[in-house]
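Colleague: Put the model up, please. I have some short questions to work through.

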Amino acid sequence: MSWFLVERVLFLFGRVEQEVKMSFTRREVLKGIAFCVSLFAVVLTACSYLSCAKKSEEIRIGEFGSLTGTTATFGISTKNGIDLAIEEINTAGGLEGKLFKVIVEDDQGRPEEAATAVRKLIEQDRVIAVLGEVASSRTLAGAPFCQNAGVPMITPSSTNPKVTEVGDFVFRVCFIDPFQGKVAALFAYDSLGARKAAILRDIKNDYSVGLAEFFATTLVSRGGKIVGDESYSEGDIDFRAQLTSIKAKSPDVIFVPGYYTEVGLVARQARELGIKAPLLGGDGWVSDRLIEIGGAALNGCYFTNHYWEGDPDPAVQSFVSAYKKRFGGNPDALAALAYDAAKLLVVSLKTLSSEDPGAFKTLVGNPTARTEKLREEALAKLRDILAVTRDFPGVTGSINIDEKRNAVKPAIFLKIENGEYKYIGKVLP
Amino acid sequence: MQEFLQQLVNGITWGSIYALIALGYTMVYGILRLINFAHGDVYMVGAFVAYFAARLVGAPGPVSPIAAVLVLLIAMGSCALLGVGIERGAYKPLRKSPRLTALITAIGVSLLLENLGIIVFGPDPKFFPQIVTPRQMELIPGVLVGRHQIVILAVSILLMLLLQLVVLRTKIGKAMRAVSFNRQAASLMGISTDNVITFTFAVGSALAAAAGVLVGLSNPKIDPLMGIMPGIKAFVAAVLGGIGNIPGAMIGGLIMGVAEVMVVGYVSSTFRDAIAFALLIVILLVKPTGLLGTGMAEKV
Amino acid sequence: MKNLVLVLAVTVVLVFLNFLIPTLINPYIFQILILCGINVILAVSLNLINGFTGQFSIGHAGFMAIGGYTCAAITFYLGPHVANKAASMGLSATIVGTSFFVLSLVAGGLASAIAGFLVGLPSLRLRGDYLAIVTLGFGEIIRVVILNVNAVGGARGFADIPRYTNFFWVSFFAFVTIVVVRNLTSSTHGRAFLSVREDEIAAEALGINTTRYKVLAFVIGAFFAGVAGGLFGHYLMYLHTNSFTFMKSFEVVIMVVLGGMGSITGSVIAAGLLTVLPEALRPVKEFRMVIYASLLIFLMIARPQGLFGMRELSLQTFRSLPFRMGKKEQKGPEKTRDGTRFQKRRGTKVRAPKRLDHS
């Protein structure tokens, strides 16, 4: 092997002729097969061995998110939020003396990987609950498996209404797109006085598409008009073509329900093209980076959010400072929602342990054949507790889970002024 | 009318970027008959190197024009080295191999650069510092042209003219043309094909880096996966103009940019990426050699 | 007759395995086997186009997408009607459901086959590199078009697809794919494919209708990719175009290249390996793609023919094993007098190339 590498290096300097063998003997074939089979076997054994090394006295929670790929920042923010929450709980002694362990799986931003990750968490790691994901498309890929296995799933930030429709084991701690789109439209019409609006949506993003639809429906029913409807793809960096077309229609406000990565550039280019109308957006705008990318172009723009890091509420502030200390940088809404989701799960487990200590015990450590049935019942009880959550004090507001397993929460409106976020108001559902 | 002119300005700006990247593709293809899939990622690396270089010279904050040019040169230089490294490491061992092998290797290098970029630079997009302060100018009422759009156009034209100069008037340029015509005959004439190929890669990569820097100026969001789509579109532009043909690449790039912007502005923005491929399929069906390309009879 | 018996026997074995394996290994690993099976179908079908016919197609994910969405649309929209009809006729729900599923898989495959025909047509005029880009382009266009069809979910994705895929169906179709491709390639058609790959002009000169065979390769390859897509959709119960990007196409290409272009055994084994590898690499998930890419480059430089080259593993190999064990290996570069293994100067020895150079 080392000879081979030396040969390679020397070849680079033109000292060696390459001879590529184009045929090989039976012996090589057999060696190859033996190699593959043993590799296969080793890998499979390694997999099962690695996952067998489990501690027996811990409570396992699963998490899946896009830690790599184009939306890696969302997955990492979410992971940070959950890690912070669990660390706080573990430092305080865990629950009934049992510590929590979070098993994180990366789905690379792809739905089929999300499904595989969730299956692994449920079937191999035997987690008692799954937290995830941000993007509704990946949550939708993983949710059916949680539902079928009877494992509660809490999504911190997926806003597609379809997610919780998968089944009664799927919950969310954020508001849903119909609500968000509606309040945005009402804000535009009532507070901003907009009668003509243009929409610039991210066609590859179901969140963006959904939000835009709800906005449009509400605005039109209120009496407004949608004068321009353009789209872009996640990852695009040039929107001048669409903006030029929108400019020609002179809208009063432009609704840009996309992610901050594109919104910053959209704002810049809109101002460069001479568009004076304010931009309005949703919670996808939320990020440390938004102002950095958008700069002064974002002044005078509005967006809805789950929470606001300048909120003087002490609970929010202590979360913000703890996050800053642990990870550096301000927590975005995704981290805050993830934090709330994790805390909600723990609080529900606490309720379970006080109502039914026996059931709670079955959720700790490795399930055995004996405890399998009891475990299923315990998880069902956990689901029931989650379903009646009332006034849970989250950093993203007071969380009430409704009968559709969605969180009924207020939307916060923020305005960007002089490079800072200014709190405009709260809209209650 | 104003809208049309504005769209035209947008299109030409983008077209010059595509042209710069397409030049690298076309030169490499002309010499090696290889589609260098990794070229789009060299463009990305150029943008990132410039990002770090700009921070070194004092951005974000006012930056003198000399420092800005220095940033551009640093980016171009390092990508030239990167291009040479890729060629030596990955493509040279495969010069005698079937073209498909080299093509697959190119895909591998592209994936490698992208994922190394994600690991080294982080997956989140970075904000490219404004080393050219943006200012809008109204040439014709209603049509706004940004200062950086003018910079893009000026730099692109300058670089393309330089390239034409090198290719048509210098010895190395003559050697490049000879090698792309017939590699074996050129080496028989005493031309060191290895050196020429290295030079070609260096120049192509430097141009891609310049494109990356210019894009960073006007669309200041850079991330490790930014090179994929522009890379493919620039390749389509090169094919459109006639692959292997340098003026063809420039024209192809411009047409590509304008077509894309026009389709997005007037038809539908959902098909922005698809337009590139649709154009490609049309041109390959109608005139496979491209607009300026000459057909080469295949010898039996 | 012998073939029919063989097919029935294999079917029975697969049904048996379908119920046996879950009891032996944990369900998560069992699901990996299903993914392996789907990848086997994809790899073998792509091998027909890339390996045997030499048409470099990197848009396979597009065919998979068409098949997957068509199949899912049929089961989602027509499924309930058929179920009602069957219930009113008193037929067993599972049997009707499963047969309807198989029919919709075939329908998905046919839709992909039509797409394959449309993609294969331009291939007539294009050589290797251009064809690669055009197929890539088709893959992207298909994806963008599907993204805009709201009836199948569009950007939201297509949810609530019924769960029909299980180990049996996946392995059965994998078996069918392998058998079809194997039979095709060891027939006269197979020779025609190979001749198109080796030297198209010569093949044309010998009277082989290269057009017909190129398009045929695309059509059959696309058909099976469509079937794989349908199985995929009914396994995941959710379809989104993000699963069918050119990354997916590249992954299938890597499988074919790793296994050896022109070797069915190679594709099967490489598909299995490359399905399991990401799972094994979970601990180093950030480096997964870097490892993949480096592997690809290394493979191309060190062993471009892949694991199996163009050879197959057949019963004959195993049968003749005892007789081949003693055979000595072919020697590489000779040892020079001072024991070093490589030549000291560039090109001192003029060697006759083992294969004719197609430059």
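Colleague: Which residues of H6(B) are exposed?

Modeller: Lys171(B) and Phe181(B) are exposed, on the other side of H6(B) from the buried ones. Exposed is 12 or fewer other C-beta atoms within 10 Å of the residue's own, buried is 20 or more, and partly exposed lies in between, with C-beta atoms placed from the backbone. Helices (H or I, at least four residues) and strands (E, at least two) are DSSP runs, numbered from the N terminus. This is a predicted model, where local features need pLDDT of at least 70, side-chain atom pairs count only at pLDDT 80 or more, and totals for chains, interfaces and linings use all residues. Residues count from 1 along each chain as its sequence is written, chains are lettered from A and ligands numbered from 1 in the order in which they are written.

Colleague: And which residues of that helix are buried?

Modeller: In H6(B), residues 171–181, they are Ala175(B), Met176(B), Val179(B) and Ser180(B). They sit on the same side of H6(B) because their arc around the axis is only 130 degrees. That arc is taken from the directions from the helix axis to the C-beta atoms.

Colleague: What do the buried residues of H6(B) pack against?

Modeller: Four helices of chain B: H1 (2–32), H5 (147–169), H7 (183–188) and H8 (193–218). Contact here means C-beta atoms, placed from the backbone, within 7 Å.

Colleague: Switching to the interface, how many residues of chain B and chain A does the contact take?

Modeller: Chain B puts in 27 residues and chain A 29. On the chain B side, the elements giving two or more residues are H1, strand E3 (143–146), helix H10 (246–267) and helix H11 (272–286). H1(B) has the largest share there, at 5 residues.

Colleague: How does the side of chain B that touches chain A split by class?

Modeller: There are 12 nonpolar, 9 polar and 6 charged residues. Nonpolar covers Ala, Val, Leu, Ile, Met, Phe, Trp, Tyr, Cys and Pro, charged covers Asp, Glu, Lys and Arg, and the others, Gly among them, are polar.

Colleague: Where is Ala278(B) found?

Modeller: In helix H11 of chain B. Ala278(B) is partly exposed because 18 other C-beta atoms lie within 10 Å. Its C-alpha is 20 Å from that of Leu8(B), which is 270 residues away along the chain.

Colleague: Core next. Which residues touch the most other members of the largest nonpolar core?

Modeller: Ala47(B), Ala75(B), Cys79(B) and Ala210(B), in a core of 347 residues. A nonpolar core is a set of buried Ala, Val, Leu, Ile, Met, Phe, Trp, Tyr and Cys residues joined through C-beta atoms within 7 Å. Helix H9 (residues 210–236) of chain C supplies the largest share of this core, 17 residues. At least three residues also come from each of domain 1 and domain 2 of chain A.

Colleague: What is Cys79(B) in contact with, leaving aside neighbours within four places in sequence?

Modeller: Its partners are Val42(B), Val45(B), Gly46(B), Val49(B), Ser205(B), Ala206(B), Ala208(B) and Ala209(B).

Colleague: How is chain A divided into domains?

Modeller: Domain 1 is 58–175 + 315–409 and domain 2 is 177–305. The bounds come from an automatic or database domain assignment. Their C-alpha centres are 31 Å apart, and 11 residues of domain 1 are in contact with 13 of domain 2. The domain 1 side divides into 3 nonpolar, 7 polar and 1 charged.

Colleague: How many helices and strands does chain A come to?

Modeller: Chain A has 15 helices and 15 strands, and 56% of its 429 residues are buried.

Colleague: What joins E11(A) to E12(A)?

Modeller: A hairpin through 2 residues. E11 (residues 392–394) and E12 (residues 397–401) of chain A run antiparallel with 3 bridges, and Gly394(A) stands opposite Gly397(A). Strands count as paired if DSSP finds at least two bridges between them. E12(A) also pairs antiparallel with E13 (residues 407–408) over 2 bridges, with Ile401(A) bridged to Ala407(A). That hairpin has 5 residues between the strands, and Arg405(A) in the turn has a positive phi of about 65 degrees.

Colleague: Last one: how many helices and strands does chain C have?

Modeller: Chain C has 14 helices and 0 strands. Of its 359 residues, 49% are buried. Residues 24 or more positions apart make up 83% of the chain C contacts with a separation of 6 or more.

How values were computed. Two residues are in contact if their C-beta atoms, placed from the backbone, lie within 7 Å.
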